[in-house]
Amino acid sequence: MAKLQAIRGMHDILMQDTHRWQFTEKTIAHVLKQFGYQEIRLPIVEYTDLFTRSIGDHTDIVTKEMYCFDDRNESSLTLRPEGTAGCVRAGIEHGLFYNQTQRLWYQGPMFRHERPQKGRQRQFHQIGVEAFGFNGPDVDAEMILMCAHLWQLFGIKLELEINSLGTTESRNNYRKQLVNYFSKHRNALDKESLIRLENNPLRILDSKNPDLQSVIQSAPMLSDYLDEESALHFEELCGVLDSAGIDYKVNPRLVRGLDYYGKTVFEWITSELGAQGTVCAGGRYDGLVELHGARPTPAVGFAIGMERLIELINEDIIDNHQAPHIYLIIASETGMQAGLLLADKLRKSNPDLRVMTHLGAGSIKSQFKKADKSGAKYALILGDEEINNNSISVKDLRGDQPQQSMNYPELENFLDKI
Ligand code: ATP
Ligand code: MG
């Protein structure tokens, strides 16, 4: 039989790591709530068509990264490669964009068939944030401030790059200039860029191939073709960032891998993770809701790559108190029931208390070994004598205090202080 193992690029998150995830998710959920965002929970599988239409036929995601399969009734389904498309679908389906604004967020696994490497998996996790119905640069700015707020809480430093992709018209105009330019420099392009020249020329600017950097550097810049409205929007955004004291770099070659972005785009980048340095990426996608046949609705959003973020967070700031405070040793052959009830009572009267009850009987010596291994600070010992006189023995497992006997009020008092 073949060795039992997970699918390549899809990882278990084991017990020693889940506390990092819980801490990070909890902190982000809290900040999102502070900013008035509400959680929406979306299916992991959608009709394939939703993604091909939303993300764009010529993007990497659609051409080579999606996990598609035929359902039993032969409709083509896809494991979501990102969350925006599903969020827009849900918003339209439930009339969430009708005469109202929405601030939404979601989290969960995303799936892309990429070459697994550090910071790049086939199942990875995102927290995505989307705002619908807001036209102006204020919401773009608010999202960026919210990110900055988070990085500060996590004690990490990320670099912010921003750009404006303009309106569809100004982008089309620019695209023509770009095709013109790169067509003249065909010889300098690699295979992938030659394909992009045909179907998604802006993405050539995003190429990570070092051999292409000089031809990219000399390419015409989108900022020179930007329409007035987008230029003003961008200027106002920069104004807010300046006054908030947020450092940023305008990167005129920053584009996004998905077709639906226009106007503001931004990325938060680190140099600590090697090539996979983008931790969070987002921007405006004012045309997407209309593309799906609903009323035009301005929209902006971003997604955080959770694996990359968590990798950066220092263990020191993570609340990692998992070991029990108390390990309850049952030193009476008939004490199982009394032990379970006592532990239950202690947890109820002190909701922050972590009490691990010894299960499966065994000698006192072996129970003490388990107590020690559990990391608990104290062992409570419940023997026949304690049961008979309503007391409990307390042993400090980490210090040299002698064992003490207490009655229940004394115990409650004692536990309140640990
Ligand atoms: P990249 O250029 O790294 O491929 P992308 O443009 O495909 O990124 P987005 O679709 O914008 O990425 O996704 C937002 C974020 O999700 C990324 O910035 C990254 O942090 C994370 N992410 C994307 N793909 C992966 C992956 N395969 N494994 C881990 N994290 C990922
Ligand atoms: Mg990608």
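Colleague: What places a polar side-chain atom of Q126 in polar contact with an oxygen atom of ligand 1?

Modeller: The structure is a predicted model, and every value discussed here is computed from it. A polar side-chain atom of Q126 and an oxygen atom of ligand 1 are 3.0 Å apart. The cut-off for a polar contact between N or O atoms is 3.5 Å, and the pair lies within it, so the term applies. Taken alone, ligand 1 would expose 580 Å², of which the protein buries 89%.

Colleague: Which atoms of ligand 1 face the polar side-chain atoms of R112 and E114?

Modeller: For R112, the partner is an oxygen atom of ligand 1 at 2.8 Å. For E114, the partner is a nitrogen atom of ligand 1 at 2.6 Å. Both distances are within 3.5 Å, and therefore both pairs count as polar contacts.

Colleague: Which of the residues around ligand 1 come nearest?

Modeller: There are 14 residues around ligand 1, and the nearest are R112, E114, Q121, R256 and T278. By class, this shell holds six charged, five polar and three nonpolar residues. Strands β6 (123-132) and β10 (278-284) each contribute at least two of the residues. The greatest contribution, three residues, comes from β10.

Colleague: Why is R256 called buried?

Modeller: The relative accessibility of R256 is 15%. Buried means under 20%, so R256 is assigned to that class. Only the protein chains count as cover in this assignment. R256 is situated in the loop between β8 (249-250) and β9. Its C-alpha atom is separated by 8.4 Å from that of G283, although the two residues are 27 residues apart along the chain.

Colleague: Why does D140 count as buried, and what joins its side chain to that of H233?

Modeller: The relative accessibility of D140 is 0%, which is under the 20% limit, and D140 is therefore buried. D140 belongs to helix α5 (residues 137-154). The side chains of D140 and H233 are joined by a polar contact of 2.8 Å.

Colleague: Why does S164 count as buried?

Modeller: S164 has a relative accessibility of 4%, and because this is under 20%, S164 is classed as buried. S164 is part of strand β7 (residues 159-164). A polar atom of its side chain lies 3.3 Å from the backbone nitrogen of G166.

Colleague: Why is D211 said to be exposed?

Modeller: Exposed means over 50%, and D211 reaches 64% relative accessibility, so D211 is exposed. D211 lies in the loop between α7 (191-199) and α8 (213-217). The C-alpha atoms of D211 and N350 are separated by 63 Å, with their positions 139 residues apart along the chain.

Colleague: Why is E74 exposed, and what is the value of its phi?

Modeller: The relative accessible area of E74 is 66%, which is over 50%, and E74 is therefore exposed. Its phi is near 70 degrees, a positive value in a residue other than glycine. E74 is placed in the loop between β3 (67-70) and β4 (76-79). N390 also has a positive phi, near 50 degrees, and is found in the loop between α14 (384-388) and β15 (391-396).

Colleague: What makes the space lined by L42, P43, E46, F51, R80, E82, G83, G86 and C87 a cavity?

Modeller: A cavity is a set of points where a 1.4 Å probe fits but cannot get out, and the space lined by these residues is the largest cavity. Its volume is about 40 Å³. A search of the whole structure finds one cavity of 30 Å³ or more. The lining consists of four nonpolar, two polar and three charged residues.

Colleague: How much space lies in the second largest pocket, and which residues lie nearest its centre?

Modeller: The second largest pocket holds about 650 Å³ of space. Its lining comprises 30 residues, and those nearest the centre are T168, R171, D259, Y260 and Y261. Two or more lining residues come from each of α2 (48-55), α6 (168-184), β9 (262-269) and α10 (288-291). Helix α6 supplies the largest share, four residues. The lining divides into 12 polar, nine nonpolar and nine charged residues. This space is called a pocket because it belongs to an open set of points, whereas a probe cannot get out of a cavity.

Methods
Residues are numbered from 1 along each chain as its sequence is written. Chains are lettered from A and ligands numbered from 1 in the order in which they are written. This is a predicted model: local features need pLDDT of at least 70, side-chain atom pairs count only at pLDDT 80 or more; totals for chains, interfaces and linings use all residues. Side-chain values use heavy atoms; hydrogens and water are left out. A residue is near a molecule or strand if one of its heavy atoms lies within 4 Å of it. A polar contact is a pair of N or O atoms within 3.5 Å; within protein, one must be able to donate a hydrogen and the other to accept it, and residues adjacent in sequence count only if both atoms are side-chain atoms. Accessible areas come from the Shrake-Rupley method with a 1.4 Å probe; for residues, only the protein chains shown count as cover. Ala, Val, Leu, Ile, Met, Phe, Trp, Tyr, Cys and Pro count as nonpolar, Asp, Glu, Lys and Arg as charged, and the others, Gly among them, as polar. On a 1 Å grid over the protein atoms alone, a cavity is a set of points where a 1.4 Å probe fits but cannot get out, and a pocket is an open set with protein on both sides within 12 Å along at least five of seven lines; lining residues have an atom within 4 Å of a point. Grid points are joined across faces, edges and corners, and a volume is the space filled by probe spheres set on the points. Buried means under 20% relative accessible area, exposed over 50%, partly exposed in between (1.4 Å probe, protein chains only).
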